[in-house]
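Biologist: I am new to this structure and would like a close look at a single part of it, with the surroundings explained as you go. Please take me through it slowly, in one connected account.

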Amino acid sequence: MQNAERKCRGFVALLLVGLLFLFAACNGSRELYDLGIVLGIGLDRSAEEGAVDMTLQLASGLQGEPGGGMGGLQSGEAFINYTLPGDVSLSHFRQFKLRMQKEVYLAHNELFVIGEPLARAGIGPYIDFFLRDPELRVSTNILVAKGSAAELLAAEAMLSEYPTLSLSQREDSYPLSGATSRCSLFDFVSAMASECRCATVPMAELQAGADGEPISVFNGLAIFRGDTMIGTLTQEEVSGLLFLTDAVRNGALRFSVDGSVVEVELQRSKTKLCYTVQEDGTADILVTIRSGGRIVSRAGGAAERNSIIRAGETRMQEEMLMTLRRAQELHADIFGFGDAIAKCEPDWWEVHGGNWEANLPRLRFAFDIVLEPGEL
Amino acid sequence: MRNQSFTPRQLGVALAAFIFAANRFSSYYTETLRQDAWLSVLLGLLFFAPIFLLYVALAREFPGKGLFQINEIVFGKGIGKGITVLYLFFFILINSMNQRYVADFTVNTILPEMALAPLVFSMAIVFAWVLRCGLRATMRIGWFVLLFAAGALVLSYALLAKQMQPANFMPAFRHAPVRYLQSAHTNAIISLGDMLCFLPLLRYMQPGKKVLRPVIIGILSGAALTLLCVCQNILVLGVLEPYRLYPAYDVARLIRISDAFSRMEFLFTIPALLLFTLRVLFLFFAIVEGMGQLFGIEDRRPLLLPTVGLCAALTFLVVSGSGELKAFTMGVAPFFSGFFVLLLPLLTLTVFLVRRNRVQEVIGNNAECREEVSA
């Protein structure tokens, strides 16, 4: 009896081990060289009616079969860009697969690049596909290309083999230096789901490098209402947005005092917004900023420390006012004021929040800025 | 079955894990109350208190008896077996649905190319194996699973601290009162009420020990972990939370430690799968217990494979997909389950109180018979 039980146990153990090979996805296994590992996705308006040109940037180190190239594409380079028109659907990706003879693998995608003309026409239907795909991540960065996304993805990257990774890493690191803000798919969709907030997406363009070759440069922000781009912020207006959304950690502030250019490196900047709503449907917003830092250059002058600080504080206020004016012109709440008021003053919001974009120019702002640079 | 007895402390741990598992693959908490979903956990606990007292009363009146024995004592053999069939129907149904939740989640997220059938039947083999090991062994691993899941939750809190927005809880208490009631009812009946499956197993609890305290601590611990999880979902996902099918999974997918560790969803998937396995196993034990009582089979082992096979087969039949499952959980289940979770035990207790003398006579006769047989 004991012997039979032991045999039975052995049989079950054998069965389980056998099942491991059957059920652990080995039946549908895909070898590494069967995969087209996508590093970046670009979307452009297509010449075909109702279609978009999707460009996939694929890591080519793994693309080519041993000893040979892949179809009509060049191998030996770090990446391959492949563009096909379609409607960003499963069948669109299937077309890629049929042409490349590779399984399109999206799990390592680092960046979505949207061409400006397409962004102005609306990207909602395409974003929806990416949001639902289980391989893709909602933390992936988004970027708007001034011009064509395909061209931006083709431009050589400095100190990096892959343009996509270079762009994505810069988008991740620039907010730390106050150069631009970051926008992930999650941020973008959160803004779309919000009642009144507009998303801001970094923009990049091609400029001629030192050797004449085009290189990608971040320049300004695209403003989206819902899924449609409605305007832009210039690079000068970006820092105002960063101050108002408490996104500055470190950054350079440049201004002049008594005709001399002074630069302050901001450190540990912290912004707080205080809202006071009025019965007439307007609201007062007190912007409080406390920032440390250090004065890094005082070219051609020896102004007093206090006057440098005052001038710096004034410059910060000017930058914020410049951005606020631009946002009010566009009737775009890129700062999330509406969301914040809806949360802290829900009764007021129910009455006056209906036409928030129109109310945006009626907001009043007060500033309490303290700049405390550590050294002269 | 051999190796069945367990301690009240093990029961408390099992209850905590069972309750915590309930919300892992679902978003029904936030469907109704959105940013106030955390409140539904607390209100659900409040709503469940009278139901819990009902279970305590039944367990106190019939020490050492399981739910199915109580039915036969109170209603008599015929009607008692009929009511056991009703309970079995309920347990089998929720077991199959719970399995479907796990299978759908796995196929939708972790193994998108995997077919449902091999997954469900491989899970069935694991379930059968653990069931064969016995209730005590399953109760013993409860500690490990619970601590692992709680640890993973705390770690994910630390890793997501930067992405949490306390303002996502605002505006608070802005929904109509009926929605709070609806949410509390759903929570009390579905995530807490399913612990009815422990009533048939109480006959295996070691006698002579204080039971109530560890059980209450277990329920409160399970609710506290659920609360932490719901709060994390709201804090991180904000307005997007109600739109996601698996919010806790989406939250884990947002964890990123530099570029080196960007695939951290295992912090959710492994503990969640373990918790759900435990939940399904306790439902299985209740079903096997009911089957044994129904057919008068003292050795439950021959019942294991047919039960597991039946539930695995029903996994494909009860619902056709995640959407339907969610719709059932939100719309029908709170009322459908209410009949089994609240009304049937209430009926049992009421009939017992009305026929107390007759029932105690039956119990006395049975005891005498047993003494005579043993003599």
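**Chain A and beyond**

Modeller: Residues 24 or more positions apart account for 69% of the contacts in chain A that have a separation of 6 or more. This is a predicted model, and chain A within it has 12 helices and 13 strands. Of the 376 residues of this chain, 49% count as buried, while the accessible surface of chain A comes to about 17700 Å², with 51% of that area belonging to carbon and sulfur atoms.

A good residue to begin with is Ser269(A), which lies in strand 11 (residues 260-277) of chain A. Ser269(A) counts as buried, because its relative accessibility is 3% and the limit for that word is under 20%. Leaving aside neighbours within four places in sequence, Ser269(A) is in contact with Phe243(A), Asp246(A), Val248(A) and Arg249(A), and also with Ile289(A), Arg290(A) and Ser291(A).

Glu329(A) offers a contrasting setting, since it is exposed, with a relative accessible area of 56%. Glu329(A) belongs to helix 9 (residues 305-330) of chain A, and its C-alpha atom is separated by 9.0 Å from that of Leu360(A), a residue 31 positions away along the chain.

The cysteines can be followed across both chains. A disulfide is a covalent bond between the sulfur atoms of two cysteines. Here the count comes to zero disulfides over all chains, where the rule asks for sulfur atoms within 2.5 Å. In chain A, the sulfur of Cys183(A) has its closest cysteine sulfur in Cys198(A), at 12 Å, which is too far for a bond; Cys183(A) is itself buried, at 3% relative accessibility. In chain B, the sulfur of Cys231(B) lies 9.3 Å from the closest cysteine sulfur, that of Cys229(B), and this too is too far for a bond, with Cys231(B) buried at a relative accessible area of 15%.

Chain B also lets us look at a helix as a whole. Helix 1 (residues 8-22) of chain B has 15 residues, which at 1.5 Å a residue should span 21 Å, and its end C-alpha atoms are indeed 21 Å apart, so the two values agree. Of those 15 residues, 14 are buried, so helix 1 of chain B is largely enclosed by the rest of the structure. Phe18(B) has Arg279(B) lying over the face of its ring, at 4.3 Å from the ring centre.

From that ring we can turn to pairs of rings. A pair of aromatic rings is described by the distance of the centres and the angle of the planes. The count comes to 35 aromatic pairs over all chains. Among them is the pair of Phe48(B) and Phe52(B), which is tilted, with 6.5 Å from centre to centre and 35° between the planes. Both residues lie in helix 3 (residues 37-61) of chain B, where they are four residues apart, about one turn of the helix. Phe48(B) counts as buried at 2% relative accessibility, and Phe52(B) counts as buried at 14%.

Aromatic residues also gather in a wider group in chain B, where Phe68(B), Tyr87(B), Phe89(B), Phe90(B), Phe91(B), Phe328(B), Phe336(B), Phe339(B) and Phe340(B) form one aromatic cluster.

Key. Residues numbered from 1 in each chain as written. Chains lettered and ligands numbered in written order. Predicted model: local features only at pLDDT ≥ 70, side-chain atom pairs only at ≥ 80, totals over all residues. Heavy atoms only, no water. Buried < 20%, exposed > 50% of the residue type's maximum accessible area, 1.4 Å probe, protein only. Helix = DSSP H or I, 4+ residues; strand = E, 2+ residues; numbered from the N terminus. Contact = heavy atoms within 4.5 Å. Areas by Shrake-Rupley, 256 points an atom, 1.4 Å probe, with all protein chains shown as cover. Phe/Tyr/Trp six-rings, centres within 6.5 Å; stacked < 30°, edge-to-face > 60°. Lys NZ or Arg CZ within 6 Å of the ring centre and 35° of its normal. Expected span 1.5 Å × (residues − 1).
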